[in-house]
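I opened this notebook to keep a record of what I looked up in one protein chain. The entries run from the whole chain to single residue pairs.

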Amino acid sequence: MLKNHLTIALRNLRKTPLYSGLNIFGLALGVAACLLIVLFVAHELSYDRWNPQADRIVRPVADINFGGNHMELAVASSIMAPEAGQELPEIQAWCRFRQYGSYLVKREGMAQQNIREDNVLTVDSAFFEIFPLQMLEGDARTCLTQPMTLALSRSRAEKYFSSPQMALGQTLVLENEERRQVTAVFEDMPVNSHFRADLLLSMNGNEEVKNSPPFWVASNNFQTYFLLRPGTDLAAFSAKFEKLSAEKIAITAQQLIGATVEDLAASGQYARYYLQNLTDIHLHSDLVAELAVNGSIRYVWIFSAIAAFILLIACINFMNLSTARSAGRAREVGMRKVLGGRREELIGQFLSESFVISALAVVLAVLMATLAMPWYRDLTGRELAMPWGNPVFWVALAGGAVGVGLLAGSYPAFFLSAFDSLKVLKGQVAGLKRGGGFRSTLVVFQFTVSIVLIIATTLVFAQLNFIQNKKLGFEKSQVIIVDDAYALGDKIYTLKEEMLRHPAVQNGTVSSYLPVPSSRSGQIFSSNRSMEQDKSVSMQRWQVDNDYLPTLGMELVQGRSFDPARVTDSMAVIINETAAGLFGFDDPIGKKIYSLSANLQGAPRPEDFTEFEIIGVVKDFHWSSLRDNIGALSMQLGRSTGLASFRYEGAATASVIAALEKNWKSLSTEQPFSYRFLDDSFARMYSAERRLGKIAGIFGLLSVLVSCLGLFGLALFTAEQRTKEIGIRKVLGASVAGITGLLAKDFMKLVLIAIVIASPLAYWAMNQWLADFAYRIELRWWMFALAGAAAIVIAFITVSFQSIRAALANPVESLRSE
């Protein structure tokens, strides 16, 4: 019976190649899109699950609202981990990470240029106990216990020493002066980890840890991880940890600002810690000082929904085309029933056809996905691959083929097998039109999904365009940034002088702090020598030079800029408008503000405060993402040589780069030359949103294409069914345009209904997405009208192609055929 079903199924496919081709290609597109998205979603959900202890690892994070600044931090103070480890017996091991940025590294005794390493972490010796990476050389328990030691990943061991075996015991030179011995080599970290480390430096002997204040809410610079003992109740431990942290915070508040937690709460200020599960970090955490850019569970849900809808649209095409062709299969069903065929057998026959089409579509889909994979990797920014060696993949494909076959073929099978054989054989097929309403509903659903995706894509790129063109308070174009400027030492100022002689260079500044991802330094300032809560402001403290403001095109609204000729300017400060407002200064110029010593070891005394005089107020500029409101910021004249930035005339880009490289190499042959542009760095802040827009746009176009394939098939069937009517209308004088409009009218009504349904859905969804941005576009009616018009045009072109062809046919031939 099965062989018979398959034979008939293949015969029917050959009899109707156009319909079969539309079905197979449409399903293949839907399955391929679904497969690619599922691979991405599976990858996102797998983060940190390679760790066999993942369910016992937590990270404490902070939620602090103080001094007019609300911060959600992925970091804690250096003292938290050791104190929590002593007071909470549930903690089996703890480890702190300190990320100082990139390092310049070379092998000792080798005449070679430094290599820039970005994935460098300073960690405690328990790192490998909590994150059990495979050790290739060395002892995981002791390799990081001694000062000035480090562990290397396999790839870095091979880069510097040819092999892991040769690396052990060797010395690497960091930043041209710090010598560390290689005590271990570990396997490269899995790509599905929320952080990446190629060099692990021992925390033992770290000066920042030695000098950190003994408070839980001070100098929050360390990512911290706890490994809990087996059997620990996570909810109970979380409650216990939060109670302990509340006690420590109360002590800090009393000693630093002389206030109780209740006093702070009365003014809406607070500080609290809570725990994050390791496996929640990548998709559920977007805090300040994350170790890397995380994903988003929202995007996982969005992409999963897109995958499901595209697959459903493809299945709907199959249902529509199968039921639309019901009149053509009616006599076959009638004859089979008259000859003794049971309805179950007919259902089996039609499902067999569906399974054959589904299987062919899945094979074609896998081929499409494989060909698209290199492009898809670049689009998603993830190291994805087809999991050929995973048995689950093949089982899922087989199950998917069966599932798609059932989903797409069940309704047509039950619909066709229900025909009354006597009525069909008498030619009474008018009753078959009852499926038209259901088909119309499915077409509306298809285009509703497609239009939502079109609107979403339009609005995502509209928001990105708004971000790119918004006045930011600084000029981001025609500014080139030289990375690792500190590697030149004092020669960086020689580089600046040489570049200022270039005719195209207008200005230059040396500072690690820029209004794009770079160094950040938060500190609490007060308007008197105390830390009273109503007189304190939490703000950024940037060290800049006297050319910083003109180089970045920032505007002073009050006062003056720094003057290196004035000795007193070493203790002067420029604040932004937000900071002036938080301090309550109507006229800030000449006012004094005070900062607390970073190395405070007890309750503050008046002599622990440093006095600064406000000499200027800079117009507010966006120094963080446009997702956030502008926070308080101060600038101080000081030495911070991490980056050098130069403003130049736009037409001279190549000349400026060449001059920079030449001058750099003349000053140092050992340091690598690296540069970037300020506007590119700004754009990279929104790479996740840009990626979302591209993915939504591409899969939106796919959904439209799949929908149009179905629409084309339905239009083709409608034209065939109405051949006689079209011929009569032409004989009676109907024009081609009139007949085309007649055939297209019903389909256009369905698209209009889809627009009406899709618009409020898209409005709600995009409002939710835009809520993440403090600065955002306004949703305008024309954005929805534009997407609707695009859908109408695409649908009309699809339908009109077949409608015009039918209208141009010779009426004599069409009437003779009838």
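The entries below concern overall content, one sheet, its packing, salt bridges and a surface patch.

**Entry 1. Overall content**

I note at the outset that the model is predicted. I looked up the secondary structure and found 26 helices and 24 strands in the protein chain. The chain has 818 residues, and 52% of them count as buried. For the accessible surface I recorded about 35,800 Å², with 57% of that area belonging to carbon and sulfur atoms. I then turned to contacts with a sequence separation of 6 or more: residues 24 or more positions apart account for 80% of them.

**Entry 2. A four-stranded sheet**

I asked in what order the strands of the open four-stranded sheet are arranged. The order is β15-β23-β14-β24, and the pairing is antiparallel. The edge positions are held by β15 (505-510) and β24 (675-677); each has a single partner strand, so one side of each is left without a neighbour in the sheet. On average, neighbouring strands of this sheet are turned by 20° against each other, direction ignored.

**Entry 3. Strand β14 and its partners**

I followed β14 residue by residue. Strand β14 (residues 479-482) pairs with strand β23 (residues 644-648) over four bridges in the antiparallel sense. Within this pairing, V482 has A644 of β23 as its bridge partner, and I480 stands opposite F646 in β23. On the β24 side, β14 forms an antiparallel pairing over three bridges. There, F677 of β24 is the bridge partner of I480. I480 is thus matched with F646 in β23 and with F677 in β24.

I next asked which residues of β14 lie on each side, and whether they are buried or exposed. V479 and I481 are on one side, I480 and V482 on the other, and all are buried, so both faces of β14 are covered. This fits a general rule: in a regular strand the side chains alternate between the two faces of the sheet.

**Entry 4. Helices on the sheet**

I looked for helices in contact with these strands. Helix α17 (residues 491-500) lies across β15 and β23, and runs at about 170° to β15. Helix α20 (residues 653-667) packs on the sheet and touches β14, β15, β23 and β24. The direction of α20 makes about 20° with that of β14.

**Entry 5. Salt bridges**

I found 33 salt bridges in the structure and selected three pairs for inspection.

The pair R116 and D483 has its closest N and O atoms 3.6 Å apart. It links distant parts of the chain, with R116 in strand β5 (residues 115-117) and D483 in the loop between β14 and α17, 367 residues apart. R116 counts as partly exposed because its relative accessibility is 32%, whereas D483 is buried at 5%. I also noted a network of salt bridges that links R116, D118, D483, D484 and R676.

In the pair D198 and R156, the closest N and O atoms are 3.1 Å apart. D198 lies in the loop between β10 (178-186) and β11 (199-202), and R156 in helix α5 (residues 154-161), so the pair ties together parts that are 42 residues apart in sequence. Are these two partners buried or exposed? D198 has 1% relative accessibility and therefore counts as buried. R156 has 17% and also counts as buried, because the limit for that class is under 20%.

In the pair D772 and R298, the closest N and O atoms are 2.8 Å apart. D772 lies in the loop between α24 (736-770) and α25 (781-808), and R298 in helix α11 (residues 297-324); the pair therefore ties together parts that are 474 residues apart in sequence. D772 is partly exposed with a relative accessible area of 39%, and R298 is partly exposed at 33%.

**Entry 6. A nonpolar surface patch**

Lastly, I asked which residues form a nonpolar patch on the surface. They are F355, V402 and L406, and together they have about 230 Å² of accessible area. I located F355 in helix α13 (residues 343-380). With 31% relative accessibility, F355 counts as partly exposed.

How values were computed:
Residues are numbered from 1 along each chain as its sequence is written. This is a predicted model: local features need pLDDT of at least 70, side-chain atom pairs count only at pLDDT 80 or more; totals for chains, interfaces and linings use all residues. Side-chain values use heavy atoms; hydrogens and water are left out. Two strands pair if DSSP finds at least two bridges between them. Helices (H or I, at least four residues) and strands (E, at least two) are DSSP runs, numbered from the N terminus. Axes are lines fitted to C-alpha atoms, for helices over the stretch in contact, and angles run from 0 to 180 degrees between N-to-C directions. Contact means heavy atoms within 4.5 Å. A salt bridge is a side-chain nitrogen of Lys or Arg within 4 Å of a carboxyl oxygen of Asp or Glu. Buried means under 20% relative accessible area, exposed over 50%, partly exposed in between (1.4 Å probe, protein chains only). Accessible areas come from the Shrake-Rupley method with a 1.4 Å probe; for residues, only the protein chains shown count as cover. Patches are made of residues with over 30% relative accessible area and no salt bridge: like charges are joined within 9 Å, nonpolar side chains (Val, Leu, Ile, Met, Phe, Trp, Tyr) within 5 Å.
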